[in-house]
Amino acid sequence: MYAFDHQQSDLPREIVAGDSVCLTFRSSQALSGWLPTLYINGASRLQVTGTTTNDAFLITIPASKSANLLPGAYGYTLSIAQNDERLTIAQGILTVAENPATAVPKLVHVERMVRCIDDVIAGRITDDVQSFAIAGKNLTSIPILELHQLRAVYAKELYALKYGPGSIRHQVSLRFEPVGGR
């Protein structure tokens with residue numbers, strides 16, 4: 001059995017779907033004959049086989065392959081193989097960010113949701129029915145209080161997207177008194 005001395009890797013904690021990613025895993029040992037394979041598993045899967053130099057394993061994830069990864073958290077495993085032997089030399093978690101070429105901008109989505117909820121609330125004001133039956137099927141709509149709560153969540157997110165995550169709306173209270181006392 002071969003013991004692999006893994007010294008350093010440059011695997012980032014986050015990659016962007018649709019980007020090319022070049023990875024290097026270094027070793028102090030001679031690596032001749034060993035072939036590296038990177039497995040990325042989560043909402044989607046990716047397997048990439050790399051190459052070997054004298055002191056490192058090189059793996060390149062082409063943009064065309066990373067483009068198919070869905071956003072989210074993924075586990076990764078780097079294994080090396082030679083003949084009938086396989087060794088796992090690195091494991092961890094990385095995050096895949098949305099592919100900017102195909103993603104619906106978050107601002108557009110959040111604005112659309114606020115408008116949709118506003119339309120539903122406006123329609124409910126004139127026809128406040130929370131459940132009804134058609135042809136023996138019962139349908140229930142979202143209670144108006146939940147719609148207002150959902151709208152507040154989206155409105156807060158919309159404000160943060162437009163003005164920055166650290167920005168906070170401040171409520172100012174004013175009190176007017178007559179000039180010269182009471």
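**Close-up views of a predicted model**

**View 1. Cysteine residues of the predicted model.** Cys22 has a relative accessible area of 56% and is therefore classed as exposed, since the cut-off for that class is over 50%. Cys116, at 39% relative accessibility, counts as partly exposed. The structure contains zero disulfides.

**View 2. The open sheet and its strand order.** Five strands make up this open sheet, arranged in the order S2-S9-S8-S4-S5, and their pairing is mixed. Strand S2 (14–16) and strand S5 (45–49) form the edges, each pairing on one side only. From one strand to the next, the twist averages 30 degrees. In general, strands of a sheet pair through backbone hydrogen bonds, in either a parallel or an antiparallel manner.

**View 3. Pairing of strands S4 and S5.** Strand S4 (residues 35–41) and S5 run antiparallel and are joined by five bridges. Within this pairing, Ile40 has Leu46 in S5 as its bridge partner. Strand S5 (45–49) is one of the edge strands of the sheet.

**View 4. Surroundings of Asn99 in the loop between strand S9 and helix H2.** Asn99 lies in the loop that links strand S9 (85–97) and helix H2 (106–126). Its relative accessible area is 12%, so Asn99 counts as buried, the cut-off being under 20%. The Asn99 side chain reaches the backbone nitrogen of Ala101 at 2.9 Å. When residues up to four places away in sequence are not counted, Asn99 touches Ala17, Gly18 and Ala67.

How values were computed: Residues numbered from 1 in each chain as written. Predicted model: local features only at pLDDT ≥ 70, side-chain atom pairs only at ≥ 80, totals over all residues. Heavy atoms only, no water. Pairing = 2+ DSSP bridges. Helix = DSSP H or I, 4+ residues; strand = E, 2+ residues; numbered from the N terminus. Axes fitted to C-alpha atoms, helices over the stretch in contact; angles between N-to-C directions. Buried < 20%, exposed > 50% of the residue type's maximum accessible area, 1.4 Å probe, protein only. Polar contact = N/O pair within 3.5 Å; in protein donor to acceptor, adjacent residues only side chain to side chain. Contact = heavy atoms within 4.5 Å. Disulfide = S-S within 2.5 Å.
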